[in-house]
Amino acid sequence: MAGPPSAKRRPRRRPPAWPRRFAGRALDYAGRVATPLVSRFRASLQLRVVASTLIASTILVLTFSFVVAGSVTSGLLTDRRDTAVDETVNAVERAAEQLGQYNSAADPALGQTMQRVVNDLAEDPVFAPYLLLATGDGDVVKSHPVGGIDLPSQELRELVRGGSVAAQHGTFDFDDAERMPYLIVGAPIQLTVDYELYAFYPLDSEQDAISLLRTNLALAGVALVLLLGVIAALVTRLVVTPVREAARTSQRLAAGLLHERMEVRGSDDLARLAGSFNLMAENLQSQIRRLEEMSMMQRRFTSDVSHELRTPLATIRMAADLLYDTRDDFDATAKRSTELLQHEIDRFEDLLQELLEISRFDSGFASLEVDAVDVNPIVEDVVAHHSALAEDWGVTVTVHRPKRRVVAEVDSRRVQRVVRNLVSNAIEHAEGRPVDVTVAESETAVAVAVRDHGVGLKPGHAERVFDRFWRADPSRTRRTGGTGLGLAISLEDAKLHSGTLQAVGEPGRGTLFVLTLPLQAGNRVITSPIPLRLDEEAPDAR
Amino acid sequence: MSMRARVLVVDDDPALAEMLGIILRTEGFTPTFVTDGEKALAAFKEHRPDIVLLDLMLPGMSGLDVAKAIRGESGVPIVMLTAKSDTVDVVLGLESGADDYIVKPFKPKELVARIRARLRRGDDVTPERLEIGKPGLQVQIDVPAHQVTLNGAEVKLTPLEFDLLVALARKPRQVFTRQVLLEQVWGYRHSADTRLVNVHVQRLRAKIEPDPERPQLIQTVRGVGYKAGLG
């Protein structure tokens with residue numbers, strides 16, 4: 001097959017690339033220009049006010065101009081038309097005098113007479129400068145050669161033939177002059193022979209007046225719109241500048257620059273805004289300073305109490321231990337007293353420990369010591385540690401954990417403490433039924449669930465279990481002597497990790513606690529790998 | 001131990017000091033007491049104790065300064081007695097040179113266990129030499145002589161740092177969890193504060209690593225613990 005040489009086809013197949021490139025560039029440019037404009041428009045109150053003022057005033061000025069121009073134009077034209085009709089009627093009378101002598105349109109002298117009539121009328125300054133006379137048969141006589149379209153229009157002629165005086169607008173050029181607007185008035189001359197007289201009145205003066213009016217209106221309108229825009233810009237600037245300053249100042253305040261204040265000028269509303277803003281900043285600053293001082297005091301107090309209380313307690317502790325170890329040498333009362341002393345010192349120690357911990361949280365001085373650690377051994381250690389307690393209560397504690405390591409960036413000391421609190425709490429409330437401890441992880445979080453099948457929680461108690469010193473049943477005696485702060489501290493520990501600690505329970509069906517911590521320090525927990533539901537048995541993590 | 005171990009107690013609370021004295025004597029130690037930080041160093045030089053029990057909050061010189069001063073003199077085991085368990089206080093104490101700490105109030109048995117653990121020196125007589133690293137960055141350990149050399153130059157380590165290094169170097173490439181190290185080096189049977197391990201690994205690195213920020217001899221295994229690097 002002898003196709004055309006490929007060298008020839010190639011340019012046809014590929015249209016020149018530059019228009020596309022140009023269009024692409026133009027679009028890019030438009031995008032680059034428009035995007036910041038849109039965002040600036042959204043961001044700037046001033047720009048929005050100015051823009052809406054411009055739009056509104058443009059619409060207003062346009063409407064006003066159209067109404068004014070329209071009414072002036074129609075007024076001028078109506079006046080011209082009225083006089084033109086009167087003049088034409090007079091011209092008809094003049095023409096009728098000369099044309100009345102003919103009884104038939106076929107008279108050979110008629111054409112000449114008609115030409116004379118239109119010429120006379122055209123020359124007389126009282127009448128229209130251009131005229132056209134026609135007979136019903138279609139013979140037409142013109143005072144001047146007319147260019148442009150064939151005239152007058154069929155509609156006008158119909159009306160005139162019907163016996164009425166009618167008017168029409170049109171543009172023509174007579175005598176090869178410039179094309180101009182004309183008012184054409186047609187009137188019938190009803191004699192033995194019917195004639196139609198069309199008079200052309202130039203509208204140039206009216207046209208000039210109207211275009212001058214339009215120009216003036218347009219200029220005035222544009223000037224007015226621009227002026228309104230400038231006024232809007234100035235007025236909003238007056239308001240917006242202090243508002244912007246307030247925004248800047250409050251941002252700096254929020255960033256911690258508590259000494260930032262606004263400048264107060266004059267005594268208007270904006271000055272009042274600045275004044276009350278400064279008052280607010282003042283109060284904020286003093287409040288924050290007070291809180292800081294309180295927090296410092298709290299911390300110092302905690303530290304002092306810690307030292308002052310712990311040193312004598314250390315002596316008491318050692319003395320009590322010494323007595324306790326030799327209690328078999330005492331008589332029964334002294335022995336029992338020593339035992340009580342020993343137990344109560346244990347309780348006192350725990351309570352002091354937890355009170356100090358809580359006050360550390362309250363004063364905001366609890367710090368997270370994050371390390372990447374495997375959570376599994378922490379949980380297993382805690383459970384192993386509680387084997388004696390579990391045996392005492394006749395409870396079996398089973399750990400379900402993934403085979404692989406679950407490495408999370410957590411404070412192992414705190415995690416250990418939370419798990420310890422949950423496990424001892426579960427053993428205490430399990431009523432001899434088994435306790436399950438489950439470790440599971442997701443992409444983002446690690447969870448430890450502790451499930452008992454004991455007394456459970458009454459409705460509404462699931463939130464309250466984390467309250468300080470809260471007890472589900474005040475009459476219930478506590479053998480393990482928990483302080484009532486363990487779960488409150490555990491919740492704070494979870495929060496410090498940006499994690500969650502939640503509980504769910506039903507009377508007689510037991511309770512489930514789920515601790516969820518982010519795998520990476522600094523992240524937040526959104527969902528837990530272990531759902532907070534009683535019905536589903538904790539899944540065997542694998 | 002043939003001789004009764006000498007314990008220097010630096011604490012400003014007389015009741016606590018007396019009670020500590022009772023406990024320590026019952027357990028077969030010979031305690032000496034100092035109530036003032038300023039006098040602690042002089043007492044240390046005079047009595048040459050086998051172990052120091054040091055309260056962190058002292059009148060005069062602070063416990064941290066005392067620890068630093070004693071560390072400047074010797075590698076004697078220092079156990080801090082602290083009323084504060086805040087991380088800052090504990091870590092500061094450990095970084096000042098304390099080997100271990102115990103938070104008041106403590107059980108006497110716990111204290112004695114801590115002291116014994118710190119006094120328990122390897123009485124190995126069997127010659128044992130350990131090596132970690134590579135030519136150009138080589139640490140050699142003469143275990144019975146308690147001597148460590150880095151590229152042939154002797155490095156002064158405290159007994160605790162020595163124990164830590166030996167524990168890691170005996171099984172190079174094996175990863176030790178912090179819990180295992182606490183058990184082997186500090187003698188904790190139950191889980192304890194892993195900050196102890198972190199601080200002392202850092203102290204050890206500061207002495208033997210050319211660049212402690214990028215350790216080569218003692219490496220961190222993320223999420224597990226530490227191992228003695230080889231090669």
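Helices H6(B) and H7(B) are oblique to each other, because their angle falls in none of the other classes (under 35 degrees counts as roughly parallel, over 145 as roughly antiparallel, 65 to 115 as roughly perpendicular, and the rest as oblique). Their axes come within 10 Å and cross at roughly 125°; axes here are lines fitted to C-alpha atoms, for helices over the stretch in contact, and angles run from 0 to 180 degrees between N-to-C directions. H7(B) covers residues 178-186, while H6(B) covers residues 159-170. Helices (H or I, at least four residues) and strands (E, at least two) are DSSP runs, numbered from the N terminus. The model is a predicted one, in which local features need pLDDT of at least 70, side-chain atom pairs count only at pLDDT 80 or more, and totals for chains, interfaces and linings use all residues. Residues are numbered from 1 along each chain as its sequence is written, and chains are lettered from A and ligands numbered from 1 in the order in which they are written.

H6(B) passes H7(B) in a right-handed crossing (left-handed if the near helix is turned anticlockwise from the far one by less than a right angle, right-handed if clockwise). On the H6(B) side, Leu160(B), Asp163(B), Leu164(B) and Ala167(B) do the touching, and they meet Leu181(B), Gln184(B) and Val185(B) of H7(B). Contact here takes C-beta atoms, placed from the backbone, within 7 Å. Sorted by class, this contact has five nonpolar, one polar and one charged residues; Ala, Val, Leu, Ile, Met, Phe, Trp, Tyr, Cys and Pro count as nonpolar, Asp, Glu, Lys and Arg as charged, and the others, Gly among them, as polar.

H6(B) also lies across a sheet: it covers E6, E7 (137-142) and E8 of chain B, running at about 75° to E6(B). That sheet is open, with four strands in the order E6-E7-E8-E9 and antiparallel pairing. Strands count as paired if DSSP finds at least two bridges between them. At the edges sit E6(B) (129-134) and E9(B) (153-155), each pairing on one side only. Direction ignored, neighbouring strands of this sheet are turned by 25° against each other on average. Between E8(B) (residues 147-150) and E9(B) there are three bridges, and Thr149(B) has Glu154(B) as its bridge partner in E9(B).

Chain B holds another open sheet, this one of three antiparallel strands in the order E10-E12-E11. Its edge strands are E10(B) (176-177) and E11(B) (218-221). E11(B) is joined to E12(B) (residues 225-228) by four bridges, with Thr220(B) opposite Tyr226(B). Taken as a whole, chain B has eight helices and 12 strands. Of its 231 residues, 41% are buried (20 or more other C-beta atoms within 10 Å of a residue's own, against 12 or fewer for exposed and partly exposed in between, with C-beta atoms placed from the backbone). Among chain B contacts between residues at least 6 apart in sequence, 54% join residues at least 24 apart.

On to chain A, where strand E10(A) (residues 445-452) is mostly covered, with eight of its eight residues buried. Ala445(A), Ala447(A), Ala449(A) and Arg451(A) point one way from the strand, and Val446(A), Val448(A), Val450(A) and Asp452(A) the other way. E10(A) pairs in the antiparallel sense with E9(A) (residues 435-441) over seven bridges, and the two form a hairpin with three residues between them. Val435(A) stands opposite Asp452(A) here. E10(A) is also joined to E12(A) (residues 510-518), by eight antiparallel bridges, and Ala445(A) stands opposite Pro518(A) in that strand.

Helix pairs turn up in chain A too. The axes of H3(A) (residues 45-99) and H4(A) (residues 110-123) come within 10 Å and cross at roughly 150°, which makes the two helices roughly antiparallel. This crossing is right-handed, whereas that of H11(A) and H13(A) is left-handed. H11(A) and H13(A) (residues 486-496) pack at about 145°, with axes 9 Å apart.

Finally, the chains meet in a contact that takes 29 residues from chain A and 24 residues from chain B. H7(A) (269-325), E6(A) (371-374), H9(A) (375-385) and H11(A) (412-429) each supply at least two residues of chain A's side. H7(A) gives the largest share of that side, 14 residues.

Key: Two residues are in contact if their C-beta atoms, placed from the backbone, lie within 7 Å.
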